Amino acid sequence: MQHRPRVTPQQLKALESLRRKERRILVIGDTHEPFCIDGYLEHCIDTYDRYNCNQVIFIGDILDNAFASFHETPAELPSGQDELDFAIAKVQEWYEAFPIATIITGNHDRIVARKLVRSGVPQKWLKSYNEVLGTPTWNWVERIVFDDVQYIHGEGGSARTKAKNDMMSTVQGHIHTQCYVEWNSGMKRVFSMQVGSGVNRDHLAMSYAKAFKFQQIACGVVIGGHTAINCLMPL
């Protein structure tokens with residue numbers, strides 16, 4: 001019987017050093033706080049630990065802002081002030097778990113700013129997300145690229161379409177009912193990843209989406225730009 005060569009302590013140390021240098025990104029789906037499903041935060045923490053992640057990206061719509069929605073909203077929902085207070089408390093739990101993170105701004109995150117602009121309020125009057133939420137070390141961006149993979153919220157369509165159009169590996173959220181990784185080869189090999197979400201579909205705030213398909217409750221992991229993994233939450 002042929003035996004595998006023994007791995008020396010020096011080799012193990014070198015492998016561990018390589019692992020630490022390689023980006024291992026936890027991608028957190030839309031949370032729509034304060035209407036995130038119970039257990040999703042714990043699922044994301046467990047996934048971060050399981051895959052030895054060293055970086056975190058929230059893929060957008062960390063807030064719901066139902067009080068300012070462009071959809072009709074039920075009168076039974078919390079007032080704007082109450083919803084914001086609840087959302088800040090929930091976001092602080094995420095901030096405590098992941099104090100260093102990149103946040104992709106989503107369409108729900110931007111609702112309040114959009115309405116202020118429509119009202120003719122100058123941009124200088126607007127506070128930053130970090131000021132409002134108490135998250136000084138979070139980095140809010142519209143789009144970011146790591147290891148030749150772009151991370152976007154995804155209002156323009158599916159990750160599949162975006163990856164093909166840009167010929168660039170693409171990770172996105174926005175579509176709560178989709179969760180997949182798909183590879184395509186053209187001029188180069190790229191993947192498209194829909195992360196899933198952490199939204200509580202049964203909450204009254206999600207009544208506008210009652211006719212949608214079942215939500216895919218999941219987060220994702222991207223390793224070194226070469227490996228993408230969907231991590232569905234047990235329900």
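Asp148 counts as partly exposed in this predicted model, at 45% relative accessibility. The residue forms a salt bridge with Lys188, and the closest N and O atoms of the two are 3.2 Å apart. Asp148 belongs to the loop between strand 5 and strand 6 (149-152), while Lys188 belongs to the loop between strand 8 (180-185) and strand 9 (189-194), so this pair ties together parts that are 40 residues apart in sequence. Lys188 is likewise partly exposed, its relative accessibility being 35%.

Opposite charges meet elsewhere too, and the structure holds seven salt bridges. In general, side chains of opposite charge can pair when their charged atoms come close. One such bridge brings together the side chains of Arg110 and Glu142, at 3.2 Å from N to O. Arg110 is found in the loop between strand 3 and helix 4 (111-118) and Glu142 in the loop between strand 4 and strand 5 (144-146), so parts that are 32 residues apart in sequence are tied together by the pair. Glu142 counts as exposed, with 52% relative accessibility.

Another bridge joins the side chains of Arg160 and Glu182, with an N to O distance of 3.0 Å. Here too the pair links distant parts of the chain, since Arg160 lies in helix 6 (residues 159-166) and Glu182 in strand 8, 22 residues apart. Arg160 is partly exposed at 28% relative accessibility, and Glu182 is partly exposed at 24%. Salt bridges with shared partners also join Arg110, Glu142 and Glu155 into one network.

Arg160 has a further partner, this time an aromatic one. Its charged end sits over the ring of Tyr180, 4.3 Å from the ring centre. A similar description applies to Arg189, whose charged end sits over the ring of Trp183 at 4.5 Å from the centre.

Aromatic rings also meet one another, and the structure holds ten aromatic pairs. Tyr48 and Phe98 form one that is tilted, with 5.7 Å from centre to centre and 50 degrees between the planes. Tyr48 is part of helix 2 and Phe98 is part of the loop between helix 3 (80-97) and strand 3 (101-104), so the pair ties together parts that are 50 residues apart in sequence. Tyr48 is partly exposed, with a relative accessible area of 23%, whereas Phe98 is buried, with 5%. For Phe58 and Trp138, the ring centres are 5.1 Å apart and the planes stand at 45 degrees, so this pair is tilted. Phe58 lies in strand 2 (residues 55-58) and Trp138 in strand 4 (residues 138-141), so the contact between their rings ties together parts that are 80 residues apart in sequence. Both Phe58 and Trp138 are buried. These four aromatic residues belong to one cluster, formed by Tyr40, Tyr48, Phe58, Trp94, Tyr95, Phe98, Tyr129, Trp138 and Trp140.

Two members of that cluster, Tyr40 and Trp94, also turn up around Thr31. Leaving aside neighbours within four places in sequence, Thr31 is in contact with Cys36, Tyr40, Gly60, Asp61, Ile62, Trp94, Gly198 and Val199. Thr31 lies in the loop between strand 1 (24-28) and helix 2 (40-50). Although placed in a loop, Thr31 is buried, with a relative accessible area of 0%.

The cysteines can be considered next. With a disulfide taken as a pair of cysteine sulfur atoms within 2.5 Å, the count comes to zero. Cys44 is in no disulfide, and the nearest cysteine sulfur, that of Cys219, is 4.2 Å away. Cys44 is buried, with a relative accessible area of 0%. For Cys53, the closest cysteine sulfur is that of Cys231, and the 7.9 Å between the two sulfurs is too far for a bond. Cys53 also counts as buried, at 7% relative accessibility.

A word on confidence helps in reading these details. The protein chain has a mean pLDDT of 87, and 81% of its residues reach 70 or more. Over residues 1-5, pLDDT stays under 50, and the model has zero contacts beyond four places in sequence for this stretch. Where pLDDT is low, the predicted coordinates should not be read in detail.

Methods. Residues numbered from 1 in each chain as written. Heavy atoms only, no water. Helix = DSSP H or I, 4+ residues; strand = E, 2+ residues; numbered from the N terminus. Buried < 20%, exposed > 50% of the residue type's maximum accessible area, 1.4 Å probe, protein only. Contact = heavy atoms within 4.5 Å. Phe/Tyr/Trp six-rings, centres within 6.5 Å; stacked < 30°, edge-to-face > 60°. Lys NZ or Arg CZ within 6 Å of the ring centre and 35° of its normal. pLDDT = per-residue confidence, 0-100. Salt bridge = Lys/Arg side-chain N within 4 Å of Asp/Glu carboxyl O.
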